[in-house]
Amino acid sequence: MAVTLTPRLPTSFFSVLSPPSPNHTPSRIRFKPQYSSSSSSSLLNPSQSPTTPQTGVIVIGAGLSGLAAATRLNSENIPFLLLEASDAVGGRVRTDVVDGFLLDRGFQIFITAYPEAKKLLDYEALDLRRFYSGARVYYDGRFHTVADPIRHFSDSLLSLTNPIGSIVDKLLIASTRIGVLTKSDEELLTSDEVPTIELLKRIGFSDSIIDRFFRPFFGGIFFDRDLETTSRLFDFIFKCLALGDNTLPSNGIGAIPQQLAAKLPSNSILYNSRVVSIDFDRPESPAVRLQNGETLTSEKGVILAVDQPEADKLLAGKIKPVQRKPARSTVCLYFSANRTQIPVNDPVLFINGSGNGLVNNMFFATNVVPSYAPPDKALVSVSLIGRFDGISDEDLAAEVVREVSGWFGKSVVGSWKHLRTYRVGFAQPNQSPPTNLMKDPQVVPGLYVCGDQWASATFDGAFVSGRRAAEALLRDRALVRV
């Protein structure tokens, strides 16, 4: 990488050219000072290498938490450089275009009631499209509707006597809804916790509704059919579902990080720039080394905003090792179909309440967002929970087609064409108890960590943790009152 270096200032910034293509190599950096009235501030620090570029804050990782941290820094006019290892922003939240289809990298739904998201995002610009508020449960050879009684009152009345739980179960859902709505988010995320499965049994839900509804529905959200995830997260998600809608942006889930990135200063993100180490020999001026050998230093601190496995690698030897629980994993398969031949037109999520098979949930994406496929085509999204390492993509697709043919008929499903399979080994951090969803972002002086593993394993948790990391840095450096 060619570097042109001129005298450094505490308020210096990088001008970074954005990558023109996915195969683009790290862009050339021009280092430009902003001169102050003080002549001494325009001089090079003799202890600093004259060939080491420097910026105010280095943010590592342009996923949701890194973008949220950068957004908070930018709101205080703090210079920063956002380093991204890949060719685009988003981390796990990305959308690929394949033969005119929009394929999200794994099953992801955005809930409009996320409190932090409402502060950061322009929902109208995202053109969010809503799912039906409820689900259709496949059980005993047919589908049964579970509906939100506030949004779909008549449907909920019709479903009172279906086999997906008893009438008492449905009344318990209503009382649980009231219970979470009367508490603040902080109360929910710091309350006494048990595994979700234990909470449901304590409330009094029957085995039938737990197995036929809660396991596939919330198991699909947590990627955890055993429902070992903390009750704190269940309560928070339950509240958000009560207050908001399940949605997808018209341009794919990747439109969310793209919107945040577009609001940052031009050329503030450096793509294809993988960080391989963080050096804290000088805590007042931490440095990061890139895979290409380049070293960058920070005047104010480093914010590490990468997935938990990558964070563990970069922090090895710098903090006390932590025994990690197995990550939550998922496999998402996409199929194309002729739009006139899909069996339903409703924007509804189908979940597997039978207790058998590989499929956990599926939906016809183009029923929710028509722009996910060319005009005459439909897009089908099928999600499994786990890794399925021993099964090839081809065999897995064949088994999914065979299984879903039992739901909709072989004549319908047999014509589907497999587009792509996404295997997401690290879909979410494992947040079974004990958890701390309000972790202190500072791990050592000058280094702050964020990500959904540092808060709740949700879009909102990523946003919150990014903001908290930036505010901790600002507070510690006495740059702003937060």
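**Figure 1. Aromatic pairs across the whole structure.** Welcome to this predicted model, in which a search of the whole structure finds 29 aromatic pairs. One of them joins F218 and F222, whose rings are tilted, with 6.0 Å from centre to centre and 40° between the planes. Both of these residues belong to helix 8, where four residues, or about one turn of the helix, set them apart. F218 and F222 are both buried.

**Figure 2. A ring pair between two strands.** Here we meet Y334 and Y422, an edge-to-face aromatic pair with 6.0 Å centre to centre and 90° between the planes. This pair links distant parts of the chain: Y334 sits in strand 17 (residues 328-338) and Y422 in strand 21 (residues 417-428), 88 residues apart. Like the two partners in the previous view, which are buried, Y334 and Y422 are both buried.

**Figure 3. A cluster of rings, and a lysine over a tryptophan.** Take a moment to find Y138, F143, F335, F350, F364, W407, F408 and W416, which ring pairs link into a cluster. For another kind of contact, look to K439, which lies over the face of W454 at 5.5 Å from the ring centre.

**Figure 4. The hairpin of strand 10 and strand 11.** Strand 10 (residues 134-139) and strand 11 run antiparallel and are joined by six bridges. Within this pairing, G134 stands opposite A147 of strand 11. Two residues lie between the strands of the hairpin, and D140 takes a positive phi near 55°.

**Figure 5. The second largest pocket.** This pocket has a volume of about 700 Å³. Its lining is made of 34 residues, and those closest to the centre are A147, D148, P149, I173 and R177. You have already met A147, as the residue of strand 11 that stands opposite G134.

**Figure 6. What lines the second largest pocket.** Which elements each supply at least two residues of the lining? They are strand 11 (142-147), helix 4 (153-158), helix 5 (167-181), helix 8 (207-222) and helix 9 (231-243). Helix 5 gives the most, with five residues. Helix 8 may look familiar, as F218 and F222 both lie in this helix. By residue type, the lining divides into 22 nonpolar, seven polar and five charged residues.

Technical notes. Residues are numbered from 1 along each chain as its sequence is written. This is a predicted model: local features need pLDDT of at least 70, side-chain atom pairs count only at pLDDT 80 or more; totals for chains, interfaces and linings use all residues. Side-chain values use heavy atoms; hydrogens and water are left out. On a 1 Å grid over the protein atoms alone, a cavity is a set of points where a 1.4 Å probe fits but cannot get out, and a pocket is an open set with protein on both sides within 12 Å along at least five of seven lines; lining residues have an atom within 4 Å of a point. Grid points are joined across faces, edges and corners, and a volume is the space filled by probe spheres set on the points. Ala, Val, Leu, Ile, Met, Phe, Trp, Tyr, Cys and Pro count as nonpolar, Asp, Glu, Lys and Arg as charged, and the others, Gly among them, as polar. Two strands pair if DSSP finds at least two bridges between them. Rings of Phe, Tyr and Trp (its six-membered ring) pair if their centres lie within 6.5 Å; planes under 30 degrees apart count as stacked, over 60 as edge-to-face and the rest as tilted. Buried means under 20% relative accessible area, exposed over 50%, partly exposed in between (1.4 Å probe, protein chains only). A charge sits over a ring if NZ of Lys or CZ of Arg is within 6 Å of the ring centre and within 35 degrees of the ring normal.
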